[in-house]
Amino acid sequence: MQAALRLTAQVQPGGKIEIVDAQLPVGTPVEVIVLLPHAPARPRRSLLAVLADAPGRLAFQTAEEVDAYLHSERDAWER
């Protein structure tokens, strides 16, 4: 059976976290899991917004733009 301790700590400058507890045996390897209780939610972005930021910006606004792009690519392959 695995033993567990639930502790809280403050993140120090430089991202350091210090854990001090007398129950921790000296020299014993431990696994540390850090949970952020109230992580700020990242704003959701539309697929078009993500594609607009992609290298090459190949975000198409309409199906006609996609068709025109594919037609030009096919023409280039045939040359």
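The following dialogue examines a predicted model of a protein chain.

Student: What makes the protein chain more spread out than a compact globule?

Tutor: The radius of gyration of the protein chain is 26 Å, whereas the globule rule gives 12 Å for 79 residues. The value is well over that of the rule, so the chain is described as more spread out than a compact globule. The C-alpha atoms fill a box of roughly 75 × 30 × 25 Å along the principal axes.

Student: How many helices and strands does the protein chain have?

Tutor: The chain has 2 helices and 0 strands. Helix H1 covers 47-53, and helix H2 covers residues 63-78.

Student: Why is Lys16 called exposed?

Tutor: The term requires a relative accessible area over 50%. Lys16 has 59%, and therefore counts as exposed. Lys16 lies in the segment before helix H1. Leaving aside residues up to four places away in sequence, Lys16 touches Gln10 and Val11.

Student: Why does Asp75 count as partly exposed?

Tutor: Buried means under 20% and exposed means over 50%, with partly exposed in between. The relative accessibility of Asp75 is 28%, so Asp75 is partly exposed. Asp75 is found in helix H2. Its C-alpha atom is separated by 64 Å from that of Ala4, and the two residues are 71 residues apart along the chain.

Student: What share of the residues in the protein chain is buried?

Tutor: Buried residues make up 3% of the 79 residues. The accessible surface of the chain comes to about 8,200 Å², and 57% of that surface belongs to carbon and sulfur atoms.

Student: Which residues lie nearest the centre of the largest pocket, and which classes make up its lining?

Tutor: Leu5, Arg6, Leu7, Val32 and Ile33 lie nearest the centre, among 25 lining residues. By class, the lining has 18 nonpolar, 5 polar and 2 charged residues. The volume of this pocket is about 1,100 Å³.

Terms used. Residues are numbered from 1 along each chain as its sequence is written. This is a predicted model: local features need pLDDT of at least 70, side-chain atom pairs count only at pLDDT 80 or more; totals for chains, interfaces and linings use all residues. Side-chain values use heavy atoms; hydrogens and water are left out. On a 1 Å grid over the protein atoms alone, a cavity is a set of points where a 1.4 Å probe fits but cannot get out, and a pocket is an open set with protein on both sides within 12 Å along at least five of seven lines; lining residues have an atom within 4 Å of a point. Grid points are joined across faces, edges and corners, and a volume is the space filled by probe spheres set on the points. Ala, Val, Leu, Ile, Met, Phe, Trp, Tyr, Cys and Pro count as nonpolar, Asp, Glu, Lys and Arg as charged, and the others, Gly among them, as polar. Helices (H or I, at least four residues) and strands (E, at least two) are DSSP runs, numbered from the N terminus. Buried means under 20% relative accessible area, exposed over 50%, partly exposed in between (1.4 Å probe, protein chains only). Contact means heavy atoms within 4.5 Å. The radius of gyration is taken over C-alpha atoms; the globule rule is 2.2 Å times the number of residues to the power 0.38. Accessible areas come from the Shrake-Rupley method with a 1.4 Å probe; for residues, only the protein chains shown count as cover.
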